[in-house]
Amino acid sequence: MVAYSFKSQFEEPIVAREKRQTVRGFRKRHARPGEPIQLYVGMRTRNCRKILTPDPICVDLRQVLIAFDPSSSNVISAIEIDDFRLGSAETHEFAIHDGFGPNDTEAVRRMGQFWLANHGSETFAGVVIRWRDA
């Protein structure tokens with residue numbers, strides 16, 4: 001079983017089932033489709049707590065590439081999943097599923113600002129992991 005830690009801002013969207021994916025860098029082992037995954041806030045701290053019980057099930061694992069343009073109002077210039085470039089509407093849906101607001105017209109901009117603040121403006125390559133309720 002694989003565990004993922006989230007910033008506290010994502011706890012409520014995960015509990016509300018609005019956030020059903022996470023973008024992560026490459027590592028030795030990620031969740032595989034069909035496996036349960038554990039979602040936490042504050043992992044490796046004394047304030048650690050599990051977000052969902054029962055554990056959700058991984059349904060999808062794909063490579064993702066996120067390109068940035070800090071001079072753009074949205075900051076994110078492109079998202080590719082398995083070498084398929086998302087269109088404007090699909091990029092918006094991606095940001096919503098990543099926890100940046102249901103029905104939020106500013107979801108892509110908010111996601112871009114989050115990425116700049118937490119990861120810098122270099123192109124990001126990693127994976128997107130999606131889950132469903134157990």
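A residue is called buried here when its relative accessible area is under 20%, and that cut-off helps in reading this predicted model. In helix 2, which covers residues 88-97, the buried residues are Thr91, Phe94, Ala95 and Ile96. An α-helix has 3.6 residues a turn, so residues three or four places apart point the same way. The cover over the buried residues of helix 2 is drawn from several parts of the chain, including strand 2 (21-25), strand 5 (57-68) and strand 6 (76-81), together with helix 3 (107-119) and strand 8 (124-132). Just after helix 2 comes Gly99, whose phi is positive, at about 100°.

The aromatic rings offer a second way into the structure, which holds six aromatic pairs. One of these is formed by Phe10 and Phe114, whose rings meet edge-to-face, with 5.3 Å from centre to centre and 85° between the planes. Because Phe10 belongs to the loop between strand 1 (2-6) and helix 1 (11-15) while Phe114 belongs to helix 3, this pair ties together parts that are 104 residues apart in sequence. Phe10 has a relative accessibility of 5% and therefore counts as buried, and Phe114, at 14%, counts as buried too. Ring pairs also bring in Phe100, so that Phe10, Phe100 and Phe114 are linked into a cluster.

Charged side chains also lie over rings. Over the face of Phe10 lies Lys19, at 4.7 Å from the ring centre, while the ring of Phe6 has the charged end of Arg24 sitting over it, 4.8 Å from its centre.

Notes:
Residues numbered from 1 in each chain as written. Predicted model: local features only at pLDDT ≥ 70, side-chain atom pairs only at ≥ 80, totals over all residues. Heavy atoms only, no water. Buried < 20%, exposed > 50% of the residue type's maximum accessible area, 1.4 Å probe, protein only. Helix = DSSP H or I, 4+ residues; strand = E, 2+ residues; numbered from the N terminus. Contact = heavy atoms within 4.5 Å. Phe/Tyr/Trp six-rings, centres within 6.5 Å; stacked < 30°, edge-to-face > 60°. Lys NZ or Arg CZ within 6 Å of the ring centre and 35° of its normal.
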